[in-house]
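Student: I would like to learn how to read a protein model step by step. Could we take one feature at a time, with the general idea before the case?

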Amino acid sequence: MDAKERYFWDLTGYLVVKNVLDTEELETANAAIDYCADRINQGEDNKGVGDSTFLRGTGSRWMHGTNLLNIVPPYCQPFRQMLAHPAVVSRLNLMCGKGFRLDHGPQFNNAVKGTAGLTLHGSGDPHKPYVAYHHQNGGFHCAGVTVTWNLSVAPAGGGGFACVPGSHKSKFTMPKGVRNCDDDMGAVVQPEIRAGDILFFMDGAQTHGTHPWRNDHQRRSVLFKYASRTANRGGSRPYYEPETYWDEEIVSGMTPEERAVMFGPTSAPKTQEVYLAVEPDGTVRLDN
Ligand SMILES: O=C(O)CCC(=O)C(=O)O
């Protein structure tokens with residue numbers, strides 16, 4: 001990561017690195033996606049758009065139940081090569097610190113002409129210290145960074161990844177029109193990303209989402225969700241349930257309040273059962 005990249009990353013919260021994959025590598029990765037394309041699911045129309053008009057479109061498309069690292073060889077190879085690619089390691093060592101790890105993914109995000117966008121999210125709102133961005137001693141740190149490998153071009157204005165540059169440092173609540181893109185005040189950018197480019201973004205710290213896909217060709221993006229060594233982003237996995245994180249016999253018979261502190265770490269708990277409060281009379285209760 002050179003000084004120019006460092007400046008852009010710190011300023012905006014994202015970075016596009018060009019031409020990481022050559023033509024042959026792109027062909028191989030696209031052939032691997034073709035191999036398992038019948039596993040692409042399409043969700044309900046407008047599911048992730050909330051009350052937005054701008055983001056509306058047909059259902060989002062992704063591969064469910066298939067991890068691209070685990071498809072039959074040789075098709076898994078392109079994705080295994082992406083995992084600890086030098087272009088990734090050299091930058092993540094600085095962005096989220098040495099010892100970073102893959103938290104979840106890779107996630108294949110697909111789109112065809114008319115596919116809906118995704119409401120903008122992140123920006124540390126509400127503040128999540130475990131994936132937030134901060135500076136200390138002349139360096140920076142972001143505990144949640146996603147690296148997107150682009151297997152087809154996303155022309156500027158054509159849809160796909162969109163973000164609010166600088167939002168990882170914002171001190172104020174995001175206006176609704178920015179979040180749903182109906183009145184984005186010019187704050188939202190959908191950068192051009194060409195096939196073979198990789199995108200780094202501060203997933204969690206920066207406001208981001210997707211714009212509807214307007215191109216005749218498919219969107220083909222593979223998202224690797226990395227975290228700092230001690231951060232944990234994925235909240236939907238069984239491993240954070242008390243019975244898995246500990247052993248079943250250790251948590252068996254615990255009260256809901258005792259069990260609340262036995263969940264494994266995650267920045268996105270998919271349950272209210274982890275929150276506690278103390279009543280005025282000193283009783284500890286689940287806070288939901
Ligand atoms: O598809 C994308 O590029 C962005 C997806 C997204 O918003 C996310 O992974 O949180």
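Student: Which order do the strands have in the open sheet of three strands, and is the pairing parallel or antiparallel?

Tutor: Before we begin, please keep in mind that this is a predicted model. To read a sheet, we list its strands as they lie side by side and then look at the direction in which neighbours run. Here the open sheet of three strands has the order 5-11-9, and its pairing is antiparallel. Strand 5 (118-121) and strand 9 (160-163) are the edge strands, since each of them pairs on one side only. The neighbouring strands of this sheet are turned against each other by 35° on average, if direction is ignored.

Student: How many bridges are there between strand 5 and strand 11, and which residue stands opposite His121?

Tutor: Strand 5 pairs with strand 11 (residues 208-211) over two bridges, in the antiparallel sense. Opposite His121 you will find His208, which belongs to strand 11.

Student: Which strands pair with strand 12?

Tutor: A strand can have a partner on either side, and we follow each partner in turn. Strand 4 (residues 101-111) pairs with strand 12 in the antiparallel sense over eight bridges, and within this pairing Asn109 has Ser221 as its bridge partner. Strand 8 (residues 144-150) also runs antiparallel to strand 12, and seven bridges join the two; in this case Thr148 stands opposite Leu223 of strand 12.

Student: Are the residues of strand 12 buried or exposed?

Tutor: The useful cut-off is that a residue counts as buried when its relative accessible area is under 20%. Strand 12 (residues 219-227) is mostly covered, with nine of its nine residues buried. We can also read the strand face by face: on one side Arg219, Ser221, Leu223, Lys225 and Ala227 are buried, and on the other side Arg220, Val222, Phe224 and Tyr226 are buried, so that both faces are covered.

Student: Lys225 has a charged side chain, so which residue forms a salt bridge with Lys225?

Tutor: To find a salt bridge, we look for a nitrogen of one side chain beside a carboxyl oxygen of another. A search of the whole structure finds 13 of them. In one of these, Asp203 is joined to Lys225, with the closest N and O atoms 2.7 Å apart. The pair links distant parts of the chain, for Asp203 is in the loop between strand 10 (198-201) and strand 11, whereas Lys225 is in strand 12, 22 residues apart. Asp203 is buried, because its relative accessible area is 9%, and Lys225 counts as buried because its relative accessibility is 9%.

Student: Which other salt bridge does Asp203 form?

Tutor: Asp203 also forms a salt bridge with Arg233, and here the closest N and O atoms are 2.8 Å apart. Asp203 lies in the loop between strand 10 and strand 11, while Arg233 lies in the loop between strand 12 and helix 6 (242-245), so this pair ties together parts that are 30 residues apart in sequence. Arg233 is buried as well, with a relative accessible area of 8%.

Student: What joins Glu241 and Arg259, and where do these two residues lie?

Tutor: Their side chains meet in a salt bridge, at 3.7 Å from N to O. Glu241 lies in the loop between strand 12 and helix 6, and Arg259 lies in helix 8 (residues 256-260), so the pair ties together parts that are 18 residues apart in sequence. Glu241 is partly exposed, with a relative accessible area of 30%, whereas Arg259 is buried, with 17%. Through salt bridges that share partners, Glu241, Glu243, Arg259 and Glu273 are joined into one network.

Student: Which residues of helix 4 are buried, and why are they on the same side?

Tutor: An α-helix has 3.6 residues a turn, so residues three or four places apart point the same way. In helix 4 (residues 86-95), the residues Ala87, Val88, Arg91, Leu92 and Met95 are buried. They are on the same side of helix 4 because they cover an arc of only 100° around the axis. After helix 4 comes Gly97, which has a positive phi, near 95°.

Student: Which residues make the nonpolar surface patch?

Tutor: For a patch, we look for nonpolar side chains that lie together at the surface. Val261, Leu276, Val278 and Val284 make a patch of about 340 Å². Leu276, which lies in strand 13 (residues 276-278), counts as partly exposed because its relative accessibility is 33%.

Terms used: Residues numbered from 1 in each chain as written. Predicted model: local features only at pLDDT ≥ 70, side-chain atom pairs only at ≥ 80, totals over all residues. Heavy atoms only, no water. Buried < 20%, exposed > 50% of the residue type's maximum accessible area, 1.4 Å probe, protein only. Helix = DSSP H or I, 4+ residues; strand = E, 2+ residues; numbered from the N terminus. Pairing = 2+ DSSP bridges. Patch = residues over 30% accessible without salt bridge, like charges linked within 9 Å, V, L, I, M, F, W, Y side chains within 5 Å. Areas by Shrake-Rupley, 256 points an atom, 1.4 Å probe, with all protein chains shown as cover. Salt bridge = Lys/Arg side-chain N within 4 Å of Asp/Glu carboxyl O. Axes fitted to C-alpha atoms, helices over the stretch in contact; angles between N-to-C directions. Arc of directions from axis to C-beta.
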